Amino acid sequence: MSTDRAPGGAVTAETHCAYCALQCRTLLHRVGPRVEVEPSPDFPVNRGGLCQKGWTAPTLLTVPDRLRTPLVRRTGGTLAPASWDTALDLVAGRLARLRREHGPDSVAVFGGGGLTNEKAYALGKFARVALGTSQIDYNGRFCMASAAAAGNAAFGLDRGLPFPVTDLGDADVVLLAGANPAETMPPLMRHLTRPRLVVIDPRRTRTAEQAALHLQPAPGTDLALALGLLHLVVTEGHLDKEYLDTRTRGFDAAWRHAVSWWPERVEQVTGVPAADQREAVRILAGARNAYVLTGRGAEQHSKGTDTAAAFVNLALALGLPGRAGSGYGCLTGQGNGQGGREHGQKADQLPGYRSITDPAARAHVAGVWGVPPDSLPGPGRSAYELLDALGTPGGPRALLVFGSNPVVSAPHAAHVARRLAALDLLVVADLVPSETTELADVVLPVAQWAEEDGTTTSLEGRVLRRRPVTAPPASVRTDLEVLHGLATRLGQPADRFPTDPRTVFDELRRASRGGRADYSGISYARLDAGEALYWPCPEEAPAGAGAAPTGASGAHPGTPRLFLDRFAHPDGRARFAAVDHRDAAETPDAAYPLHATTGRVLAHYQSGAQTRRVPELVTAAPEAHVEVHPDTAARHGLRENGLARISSARGSVVARVRLVRTLRTDTVFLPFHFPGAGRANLLTGTALDPTSRMPEFKVSAVRVEPWPEDGPAGGAP
């Protein structure tokens, strides 16, 4: 099925959900202006299920405050409607002047992990060709960057899950480190009913409630716990020595660090009892088939890459990666968080997951784009470093934002808002107003998921088709049309920036050919014929004895399961990482005696700009809240359902108190979906992982105090 039209004007489109990386397949039915959603019963990932957000996603198509016309800030400071020509002429003219007067890096681009593959690809091309800037990154840097860096180092390739989601259902044991899929991607739990779950999380989440064993470390100590689990694998005789000898390198260097993390020392640092550590290893080692999966809780740290690597080490020691029915994976978060990090909107990357510093990669991509290789800029600043540099001497003076709301989602959010306000030009392309559009000089209304064609790549590396069930409002354009309009005004040939998604995807295929994320054998025709295609999927079919069976067209069938024969390093072996624990950049002290950690709740998604417009979701989670243990609340004068002010060295948040007896007494939790005084990221710091440049979202030192119902809002200290 693609998009079918029935007598009477009814339309049905087979597509995928607007939200997370699970990318549940849905059927959208439109009769007149009304659109209803139905889960696809035969798609193996969601198996006829959807979460609250998926069921209510069509509401986004008709929200009353949908952006429907360009807005330009007038002299008096207000945003007023303008024509497309007026808005694009203004933006292109000011970009051209800034580039002329201050150089190409005076303009910057900030993308999003929810953009389709076509949009992410075109955005990276636009930045490097039409603008000539190195200053492009995206909000996926805040999500999967640490696990991606660890996966590339360990396996030579990063694909969130190097196996289909459905493989998890046949496992005996699944360890989830810092992941709460029961709330963040509920249909995944349909695949986790058979395995015994070992959950590592400072909170007793809905996922932890279903676990055979819950390990509850202090925030910021996951790395010490992973080292301790590796220590026990070795000392209690569970090391897979044959696997180590034939499929890995570097164990001895990794062991030199893990050897000193005996269970009692780990307990002192993490708070996880030694007996529970031993039980976790016993459960894992006793499994015939097992998986180790990480999520943002383990990764969003200033040592997130090392933490993810330590869990990879644990999986390697047990001989799991590259073995059918077992493995290591990362639960990618955003809707196109996988594809969004593969095709060029990342600061150091070109399409096909190529490095922008590799001369061969530059030559190949430049050839596809029809420009000289030396015209392509080098790597730029990472996401937070880019935002931090805005409006500063030597930093970008203009920013184009596509599919992101950094005023809510970025760390040290008040500082980021100040940097955005300091720009000469801020342009935001979005479908609804957001806290970031409020600061913009120009707002460009763009189409959304059910209004346009495209592809996404799910957390398992499967490329999927999105299809429209309705047209966008009359004065709304697609992101591809916006980029085309700007590029041609900046002097680019019209055919260099096509607006047809299929044409863009065909170019993406050529640009990715031979890269780590090779899409060259994937086409709309094959996807529309129902083929399940996982990258890498090169243009050529495999040959020789033992080759994988070809697809229906005789082409390469794609690669559902990676690493079964060899890893992607030249020698075919995986790499252990020599990592050791270190404290978080900020630890509690007398002034700020508690840990604060952040995360998601079931009803909302990312910055909440979309889900906070859906009445059913707002009813389920109407405002910012803070989870506090009753004993902690009593010590600090807090009461159930009262207001609290939570303060760090950077700012304060006001939130409704929820008393949670299963929470650690040294920890409070805040969801990050809410605006204004409820922005959890007013608290978070700017320490960055030295490899992935991931900010430390998951650990802040805070204090809490009661706050009157009519008290002033939070914000900067």
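Helix α2 spans residues 84-102, which makes 19 residues, and its first and last C-alpha atoms lie 27 Å apart, close to the 27 Å expected at 1.5 Å a residue. The model is predicted. This briefing covers α2, an open sheet of 7 strands, and the helices that lie across strands of that sheet.

**Helix α2**
- The buried residues of α2 include Trp84, Ala87, Leu88, Val91, Ala92, Leu95 and Leu98.
- These residues are on the same side of α2 because they cover an arc of only 130° around the axis.
- An α-helix has 3.6 residues a turn, so residues three or four places apart point the same way.
- Arg100 and Glu101, on the other side of α2, are exposed.
- After α2 comes Gly103, which has a positive phi near 95°.

**The open sheet**
- The strands are ordered β6-β5-β19-β18-β17-β7-β8, and the pairing is mixed.
- At the edges are β6 (79-81) and β8 (136-138), each of which pairs on one side only.
- On average, neighbouring strands of this sheet are turned by 20° against each other, direction ignored.
- Strands of a sheet pair through backbone hydrogen bonds, either parallel or antiparallel.
- The pairing of β7 (residues 107-111) with β17 (residues 398-402) is parallel and has 4 bridges.
- Val109 stands opposite Leu400, a residue of β17.

**Helices across the strands**
- Helix α2 lies across β5 (71-73), β7, β17, β18 (425-430) and β19 (442-445).
- The direction of α2 is at about 130° to β19.
- Helix α17, residues 479-489, lies across β17, β18 and β19 and runs at about 155° to β17.

How values were computed. Residues numbered from 1 in each chain as written. Predicted model: local features only at pLDDT ≥ 70, side-chain atom pairs only at ≥ 80, totals over all residues. Heavy atoms only, no water. Helix = DSSP H or I, 4+ residues; strand = E, 2+ residues; numbered from the N terminus. Expected span 1.5 Å × (residues − 1). Buried < 20%, exposed > 50% of the residue type's maximum accessible area, 1.4 Å probe, protein only. Arc of directions from axis to C-beta. Pairing = 2+ DSSP bridges. Axes fitted to C-alpha atoms, helices over the stretch in contact; angles between N-to-C directions. Contact = heavy atoms within 4.5 Å.
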